[in-house]
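Please load the model in your viewer and keep a selection panel open beside it. The tour below proceeds selection by selection, with a short account of what each one shows.

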Amino acid sequence: MINSHAQPHQAYDEFSLVLDPDVYEPLPDGWLIGITDVVSSTAAIRSGRYEDVNYAGASVIAALGNAWGSFDFPFVFRGDGAAFALPPQGIMAATSALRQVASFASTDLDLNLRIGLLTVREIRAGGRDVRIARYAASENATYAMFTGGGLKWAEQQIRNGRYLVKPGRYATKPDLTGLSCDWTPFPSQRGEILSLLVEPSDHISPEVFAALAKRVLAVFDAAPRQSHPLPAGVPLSGDRGKQVDAKGWSEVAASSDFRKFDDGLRLTLDCTPEQIDRVEAILVPARARGEINFGLHRQSHALMTCLVPSDRPDLHLHFLDGMGGGYARAAEMMEAGALGDVQHHAR
């Protein structure tokens with residue numbers, strides 16, 4: 001069972017290892033699961049507000065960690081939102097931080113942030129599970145990976161109006177210390193910045209999905225630097241124009257979350273059109289067989305939002321998404337694919 005901080009003792013530094021369902025450990029029944037997303041995020045992104053959408057998504061993690069007093073809890077950045085897990089005693093900190101962030105998103109960013117909170121017990125009663133593993137992207141950044149279908153199920157419930165946390169009007173702004181988005185977008189070096197989501201269907205075995213995911217990763221891993229979307233060189237830092245030394249930039253790139261497992265593959269990559277074609281040749285037949293659903297979005301640049309917790313300046317977390325809509329647009333394509341499947345079977 002998970003230790004008191006709900007972080008499994010072992011962290012895996014090879015991403016393919018977290019595709020193995022056996023490395024995941026179940027969260028206790030009483031733990032809280034929170035999920036947020038920007039309502040109508042694709043419309044906001046189409047109007048050029050991708051930085052605001054990403055900032056709203058990452059602000060949940062920053063506010064929660066600062067309110068909780070530690071960033072030692074499982075969370076995942078999803079582009080236009082986030083998901084996290086906290087022990088039962090975190091309910092007051094979580095509820096307060098979520099309401100503050102929703103109010104901040106509305107008043108300062110003019111975005112509607114949907115927020116939901118429920119227990120692992122409620123997710124298990126719905127027939128799903130929440131299990132986690134740890135992936136060490138670098139010495140200074142370890143990210144939680146989620147499996148069991150519980151986050152996906154919870155998100156669907158929240159979108160249907162269950163488990164919602166009423167935002168309220170908060171005069172107190174969330175504590176977003178350590179959060180910044182002052183990097184200019186990073187252009188593709190190889191042709192396309194790809195945002196890719198691949199989720200297993202309910203009836204496919206974890207082992208079959210892991211094998212499929214490894215085939216997809218093998219295409220991207222064959223490229224230089226595993227198709228990492230951040231350049232190998234040393235770029236300028238955002239509008240401030242400050243130069244980062246080579247060692248510092250190497251740490252930033254190594255600590256980014258360009259590969260994640262969040263009830264499925266979640267990838268932001270710099271790749272060639274040929275690589276994308278090869279991956280689609282794997283995914284399209286798998287979707288036709290009813291094994292998976294997937295969505296992808298191609299764009300010219302990647303976007304990075306950074307979090308350096310004040311209590312852990314060594315803990316560099318760098319959240320990546322595609323500048324042209326990224327995960328939100330990939331999710332839109334995936335939902336359209338799922339709807340198409342339903343209509344096809346209804347005929």
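How many bridges join β17 to strand β18? Six bridges do so, and the two strands run antiparallel. The model is a predicted one, and this strand pair serves as the starting point of the tour.

**Strand β17 and its partners**

Select residues 301-307, which make up strand β17. Six of these seven residues are buried, so β17 is largely enclosed by the rest of the structure. Next add residues 317-322, the strand β18. Within this pair, A302 of β17 has G322 in β18 as its bridge partner.

Now add residues 186-187, strand β10, which is joined to β17 by two bridges in an antiparallel arrangement. Here F186 stands opposite A302. Strand β9, at residues 179-180, also pairs with β17 in the antiparallel sense, over two bridges. In that pairing, L179 has L307 as its bridge partner in β17.

**The whole chain**

Clear the selection and display the full chain, which has nine helices and 18 strands. Its radius of gyration is 19 Å, close to the 20 Å that the globule rule gives for 347 residues, so the chain is as compact as a globular protein of that length. Along the principal axes, the C-alpha trace spans about 50 × 50 × 40 Å.

Colouring by accessibility is useful at this stage. Buried residues make up 55% of the 347 residues. The accessible surface of the chain comes to about 14200 Å², and carbon and sulfur atoms account for 51% of that area. In a contact map restricted to separations of 6 or more, 77% of the contacts join residues 24 or more positions apart.

**The open sheet**

Select strands β14, β15, β11 and β16, which form an open sheet in that order with antiparallel pairing. Its edge strands are β14 (259-261) and β16 (292-299), each of which pairs on one side only. From one strand to the next, the twist averages 15°.

Then bring in helix α6, residues 206-221, which packs on the sheet and touches β11 (192-200), β14, β15 and β16. The direction of α6 makes about 15° with that of β15. A further helix, α8 (residues 273-288), lies across β11, β15 and β16 and runs at about 160° to β16.

For a detailed view of one edge, select β14 together with β15 (residues 265-271): three bridges join these antiparallel strands. One of the partnered positions is R259, whose bridge partner in β15 is L267.

**L267**

Centre the view on L267, which is found in strand β15. Is L267 buried or exposed? At 0% relative accessibility it counts as buried, because the cut-off for that class is under 20% relative accessible area. Beyond its neighbours within four places in sequence, the contacts of L267 are L194, S195, L196, L217, F220, F258, R259, K260 and Y327. For a distance check, select V308 as well: L267 and V308 are 41 residues apart in sequence and 22 Å apart in space, C-alpha to C-alpha.

**The nonpolar cores**

Which residues have the most contacts inside the largest nonpolar core? They are F84, L196, F220, L265, L283, M304 and F319, in a core of 88 residues. Helix α2, residues 50-68, gives the most to this core, with nine residues. To examine one member, select L265: neighbours within four places in sequence aside, L265 is in contact with F15, L19, L196, L197, V198, F209, A213, V216 and K260.

Another core, of 19 residues, lies apart from the largest one and includes I33, V76, L118 and W153.

**Strand β6**

Select residues 113-119, strand β6, in which six of the seven residues are buried, so the strand is largely enclosed by the rest of the structure. Add β3 (residues 32-38), which pairs with β6 in the antiparallel sense over seven bridges. V38 of β3 has L113 as its bridge partner in β6.

**A last stop at S255**

Finally, select S255, placed in the loop between α7 (246-254) and β14. S255 is buried, with a relative accessible area of 1%. Residues up to four places away in sequence not being counted, S255 touches S138, N140, A141, Y143, H316, L317 and H318.

Notes. Residues are numbered from 1 along each chain as its sequence is written. This is a predicted model: local features need pLDDT of at least 70, side-chain atom pairs count only at pLDDT 80 or more; totals for chains, interfaces and linings use all residues. Side-chain values use heavy atoms; hydrogens and water are left out. Two strands pair if DSSP finds at least two bridges between them. Helices (H or I, at least four residues) and strands (E, at least two) are DSSP runs, numbered from the N terminus. Axes are lines fitted to C-alpha atoms, for helices over the stretch in contact, and angles run from 0 to 180 degrees between N-to-C directions. Contact means heavy atoms within 4.5 Å. The radius of gyration is taken over C-alpha atoms; the globule rule is 2.2 Å times the number of residues to the power 0.38. Buried means under 20% relative accessible area, exposed over 50%, partly exposed in between (1.4 Å probe, protein chains only). Accessible areas come from the Shrake-Rupley method with a 1.4 Å probe; for residues, only the protein chains shown count as cover. A nonpolar core is a set of buried Ala, Val, Leu, Ile, Met, Phe, Trp, Tyr and Cys residues joined through side-chain atoms within 4.5 Å.
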